[in-house]
Amino acid sequence: MRTGIHPGDPILLSPDCQVDELLSLYLCRSAFVRLEPETKRNYTADYCVFFDFLWARGKRWSQATADDLWDFEDWRTRSPHNPRKVGASRWNRGLAALTRLYRWAVAHEHMMSSPVETRSATDRYGQTVQVPVARAKGARTSDVRWLTPRAFRRWVDVGLCGHTSAGTAAPGWQGRLEDRNTAFADLLFSSGMRLGEGASLLTFEMPHTQLDGGRYYNGRLARAVTKSKRARTFYASAHAVAAVEGYVESTRALAVRRAQVRGRYDRMPKRLVLRQTGFHRRLLHWRDQDGREGQTPLGEATVAERMTYFTEGPLGPEPLWLWLNESGLPFRPGSWENVFRTASQRCQDELAGVMDEPPWCTPHMCRHSCALHMLVVLHHVMDVKLGLSPEERRDFRLLYGDPWRMVQDLLGHAQLETTRDIYLAPVADLQLRALLLDPAPGTDQTVRSDAWVMSLLGRIARESENIQDLDQRLVSP
């Protein structure tokens, strides 16, 4: 801490096991520190690739020239000697990382010039900006993929719950933290939250099931954990909320008790015990191990701070971070990627002989899939269940907004185009009205059920790319 290096800051070693003081200054003390954790991880990985390329040429990062960068671009994207070439989007991400690093180095007079050559361009607001000449054209803005609800359920059953292709428990399946992993996946899939948003929830931020509750419950995301830095409401299905409650009352409670008995919380370098005041604007009053006190608005509490928040339970301190590992300590957001990756690999191993394309899933695919499902459901509700005439439907849209804007608000997108053109591309160019008015075979035209919605999603999956659904022979009649 005295050196300015904090937990989570990257430290890079050269192949001769040396630490570059200037590079560490950039990684730990510059504006780089304020980037989102996922962005920092990605940029650090991009730096390592370029620095290794330079090292093979006998150069350090601060000795790079424009020729080095162009040679790197050729090797990274086209060279037959590189077995791991990347596409335009990945190259542009790495180029953005290098642009940030060398702009900093030149601004602080650590280098005379940047190896990243730039040109003038006009941005969307009509202002002149400098963009890298080496930026690739035709890059996809996002590699978006989806799962239908039944494909997602098969992925959960096989990948996270250890089922076989026949739907039975696999022999020798351990099932450690199975309820935690399935609850988290269900929460993302039903709510459309981003990985960082769902992974950084505190226990009191989750809604609770009620006897007279409906199919969805709402909670509130603090502004500090959202990508847009604006607070918003999220909606989670009753099934997902109940699954989280089951995890909290069983596996999580056991992990907390074990950690208390073994004194793990007492040995934490930083632990803040909280109490709350306020209702519309919650204020967190905290006290650390040394007795120092302070306060933080809930909306301003960062992810790193949230991992240190505790409450005094009847048997000792209890973490407020919702998702814990087996040791009872906060489960870091980035670790969920490995959980999803392992589950997808298990689906591939178990279902390869049963399905042509076994389902696979990432945390962000849950968000994409939620958007697609909610759009179809909202159109279904507006067009059928409410029984509105064209005039009434127009008035309803003027009052509440159309389904596209509702999904935009649900996801927290600043621009409707992001929702329409990227997340919901499979239905953006389809005649939804005609689809929704065309009932599934054998379905009453005046009564549309969840099964009908599932049938429609299956139809969209067959007519679109990148949407995973079950093979027809695996769909139960």
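**Note on the predicted model: cores, a strand tryptophan and surface points**

1. The largest nonpolar core holds 48 residues. Phe152, Trp155, Trp323, Trp336 and Phe340 have the most contacts inside this core. Several elements each give two or more residues to it, and most are helices by name: H5 (149-160), H6 (178-191), H7 (195-199), H8 (238-261), H10 (336-351) and H11 (363-385). Strands E4 (216-221) and E5 (232-237) are on that list too. This is a predicted model, so please read every value below as computed from it.

2. Trp155 is a good place to start looking. Beyond residues up to four places away in sequence, Trp155 touches Leu160, Ala185 and Phe340. Trp155 also touches Ala343, Ser344 and Cys347, and then Pro359, Trp360 and Cys361.

3. Apart from the largest core lies another, of 29 residues. Among its members are Leu12, Phe50, Met111 and Val116.

4. Now the chain as a whole. It has 17 helices and 11 strands. Of its 477 residues, 45% count as buried. Take contacts between residues at least 6 apart in sequence: 60% of them join residues at least 24 apart. The accessible surface comes to about 25700 Å². Carbon and sulfur atoms account for 51% of that surface.

5. Trp286 sits in strand E7, residues 283-287. Neighbours within four places aside, Trp286 is in contact with Leu272, Val273 and Leu274 on one stretch of sequence. On another stretch, Trp286 meets Arg292, Glu293, Gly294, Gln295 and Thr296. With Thr296 there is also a polar contact, side chain to side chain, at 3.3 Å. Tyr309 is 23 residues from Trp286 in sequence, and their C-alpha atoms are 8.2 Å apart.

6. On the surface, Ile11, Leu13 and Val19 form a nonpolar patch. Together they have about 270 Å² of accessible area. Leu13 lies in the segment before helix H1 (21-29). Leu13 counts as exposed because its relative accessible area is 56%, and the cut-off is over 50%.

7. Two backbone angles deserve a check. Glu109 has phi near 60°, a positive value in a residue other than glycine. Glu109 is in the loop between helix H4 (88-107) and strand E1 (118-122). At 74% relative accessible area, Glu109 is exposed.

8. The second angle belongs to Lys229. Its phi is also positive and near 60°, again in a residue other than glycine. Lys229 lies in the loop between E4 and E5. Lys229 is partly exposed, at 32% relative accessibility.

Technical notes: Residues are numbered from 1 along each chain as its sequence is written. This is a predicted model: local features need pLDDT of at least 70, side-chain atom pairs count only at pLDDT 80 or more; totals for chains, interfaces and linings use all residues. Side-chain values use heavy atoms; hydrogens and water are left out. A nonpolar core is a set of buried Ala, Val, Leu, Ile, Met, Phe, Trp, Tyr and Cys residues joined through side-chain atoms within 4.5 Å. Buried means under 20% relative accessible area, exposed over 50%, partly exposed in between (1.4 Å probe, protein chains only). Helices (H or I, at least four residues) and strands (E, at least two) are DSSP runs, numbered from the N terminus. Contact means heavy atoms within 4.5 Å. Accessible areas come from the Shrake-Rupley method with a 1.4 Å probe; for residues, only the protein chains shown count as cover. A polar contact is a pair of N or O atoms within 3.5 Å; within protein, one must be able to donate a hydrogen and the other to accept it, and residues adjacent in sequence count only if both atoms are side-chain atoms. Patches are made of residues with over 30% relative accessible area and no salt bridge: like charges are joined within 9 Å, nonpolar side chains (Val, Leu, Ile, Met, Phe, Trp, Tyr) within 5 Å. A salt bridge is a side-chain nitrogen of Lys or Arg within 4 Å of a carboxyl oxygen of Asp or Glu.
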